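Reader: Could you take me through one part of this model closely? I would like to look at the side-chain pairs that link separate stretches of the chain, and then at what surrounds them.

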Amino acid sequence: MAVAVVLLSGAPFHGGCCRHKVFLSLLGPLLSNSKLYSSYRRPGAEPKKKLSWQNADFSFKKSIDHLKTQLSLLTKETQDYLQGPGGHPLSQHVLEQTRVLWQFRSQEDLNKWVISSDVEIGGKSKVYIKLGRNNQAALLYGTLNTEVPRDGETKYSGYCSMRSRPAVGSFNRKKYYDWSNFNSLYLRVRGDGRPWMVNIYTDPYFSHQKDDLYSYFMFTRGGPYWEEIKIPFSKFFFSSRGRVQDNQHPVWLDKASFLTLGLTIGDKVDGPFQLEIDFIGLLNDRAHREEFAYETYDKN
């Protein structure tokens with residue numbers, strides 16, 4: 001068998017390439033373990049996938065560098081925790097009126113967000129994001145298309161969204177937001193007059209809660225001027241899998257509540273759209289006393 005492999009790989013055939021191919025096809029089943037035959041793949045067949053551990057990099061130097069980076073992050077997190085909530089002294093945390101969560105001044109700020117559209121389900125809407133003029137804002141723009149994919153299953157289409165990446169701490173631990181000292185979401189935007197949906201995605205405790213979110217509307221007036229929008233957390237309503245739930249409850253503002261924040265457009269109007277975002281932050285409005293805007297039900 002070894003002699004046959006040597007002949008096929010190194011020795012030329014006087015009859016040309018055709019005899020070589022015929023001879024290889026005859027000996028192919030016998031050489032299934034050889035490198036020569038295993039490189040053949042039937043047309044239309046999927047390539048052989050590597051195992052997950054085969055794609056891993058076992059470099060010792062990179063492992064040490066990664067460990068140092070994670071330990072430095074853990075040290076900083078420990079120092080912030082000992083200093084006070086959010087890395088600030090307790091007196092500053094109590095008197096804090098506003099806090100900027102996301103601002104858009106560089107490509108690194110844009111990398112903290114992910115854009116998506118109905119292309120994922122076969123739709124034709126398009127969405128893009130880039131830095132605005134003078135790198136002072138994020139420009140979210142695209143085209144909305146409500147044409148339903150012809151797959152026999154999808155009934156509705158036409159949406160584009162922008163969603164923040166989940167915060168990650170040291171050693172890839174989940175990092176949660178603490179918004180308990182504020183009662184409103186505060187945004188500075190400039191839109192084209194189209195309405196948006198602001199979504200707060202929570203971290204599910206059970207698997208069936210993975211589609212739960214809190215939502216409220218953001219209406220832009222259009223024109224050349226910036227507008228500052230304040231949305232109280234008491235206005236956010238609870239929904240699951242796109243359906244508003246009868247059992248409503250306010251947003252929990254403690255550390256175990258938030259995962260990501262998102263903006264979605266889906267007003268069923270075909271055509272271009274754009275939204276400029278200067279920053280997204282929090283506001284503690286002392287004049288706002290409402291706890292929850294919707295009726296709650298007691299479970300029997």
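Author: Happy to; what follows starts with the chain as a whole, moves to the pairs you asked about, and ends with a helix and its surface.

Please keep in mind that this is a predicted model. The chain has 300 residues, and 35% of them are buried. Its secondary structure consists of six helices and 13 strands. Contacts across long stretches of sequence are a good place to begin: of the contacts between residues at least 6 apart in sequence, 72% join residues at least 24 apart. The accessible surface is about 20,300 Å², and carbon and sulfur atoms account for 55% of that area.

Now to strands 6 and 13. There are 14 aromatic pairs by the rule used here. One of them brings together Tyr186 and Phe279, whose ring centres are 6.0 Å apart; their planes meet at 45 degrees, so this pair is tilted. Tyr186 belongs to strand 6 (residues 184-191) and Phe279 to strand 13 (residues 271-283), so the two rings tie together parts of the chain that are 93 residues apart in sequence. Both partners fall under the 20% cut-off for burial: Tyr186 has a relative accessibility of 18% and counts as buried, and Phe279, at 16%, is buried too.

Those two strands are also linked by charge. Twelve salt bridges are counted in the model, and in one of them the side chains of Arg188 and Asp278 meet at 2.8 Å, N to O. Arg188 is in strand 6 and Asp278 in strand 13, so to speak a link between distant parts of the chain, 90 residues apart. Asp278 is buried, with 8% relative accessibility, whereas Arg188 is partly exposed at 24%.

A further salt bridge joins Asp267 and Arg194, with 2.7 Å between the closest N and O atoms. Here the partners sit in loops: Asp267 in the one between strand 12 (258-265) and strand 13, and Arg194 in the one between strand 6 and strand 7 (195-202), with their positions 73 residues apart in sequence. Asp267 is partly exposed at 22% relative accessibility, while Arg194 is buried at 9%. Salt bridges with shared partners also bring Arg105 into one network with Arg188 and Asp278.

For another loop-to-loop link, look at Glu147 and Lys124, a salt bridge in which the closest N and O atoms are 3.3 Å apart. Glu147 is in the loop between strand 4 (138-144) and strand 5 (160-164), and Lys124 is in the loop between strand 2 (113-117) and strand 3 (126-131), so this bridge ties together parts that are 23 residues apart in sequence. Both ends are partly exposed: Glu147 has a relative accessible area of 34%, and Lys124 has 47% relative accessibility.

Back to the aromatic side chains for a moment. One aromatic cluster is formed by Trp179, Tyr216, Phe217, Phe219, Phe233, Phe236, Phe237, Phe292 and Tyr294. Within this list you will find Phe233 and Phe236, and both of these residues are buried.

Asp109 is worth a stop as well. This residue lies in helix 6 (residues 107-110) and is buried, with a relative accessible area of 14%. Beyond its neighbours within four places in sequence, Asp109 is in contact with Gln103 and Phe104. Its C-alpha is 8.9 Å from that of Ala138, and the two residues are 29 apart in sequence.

Finally, let us turn to helix 4, which covers residues 60-83. Its 24 residues reach 35 Å from the first C-alpha to the last, close to the expected 34 Å. Just after this helix, Gly84 has a positive phi of about 155 degrees. Leu67 is in helix 4 and is partly exposed, with 39% relative accessible area. Together with Leu71, Leu74 and Phe171, Leu67 makes a nonpolar surface patch of about 320 Å². A general point helps when you view the leucines in this patch: an α-helix has 3.6 residues a turn, so residues three or four places apart point the same way.

To gather up the part you asked about, strands 6 and 13 are linked by the rings of Tyr186 and Phe279 and by the salt bridge between Arg188 and Asp278.

How values were computed. Residues numbered from 1 in each chain as written. Predicted model: local features only at pLDDT ≥ 70, side-chain atom pairs only at ≥ 80, totals over all residues. Heavy atoms only, no water. Helix = DSSP H or I, 4+ residues; strand = E, 2+ residues; numbered from the N terminus. Expected span 1.5 Å × (residues − 1). Buried < 20%, exposed > 50% of the residue type's maximum accessible area, 1.4 Å probe, protein only. Contact = heavy atoms within 4.5 Å. Areas by Shrake-Rupley, 256 points an atom, 1.4 Å probe, with all protein chains shown as cover. Patch = residues over 30% accessible without salt bridge, like charges linked within 9 Å, V, L, I, M, F, W, Y side chains within 5 Å. Salt bridge = Lys/Arg side-chain N within 4 Å of Asp/Glu carboxyl O. Phe/Tyr/Trp six-rings, centres within 6.5 Å; stacked < 30°, edge-to-face > 60°.
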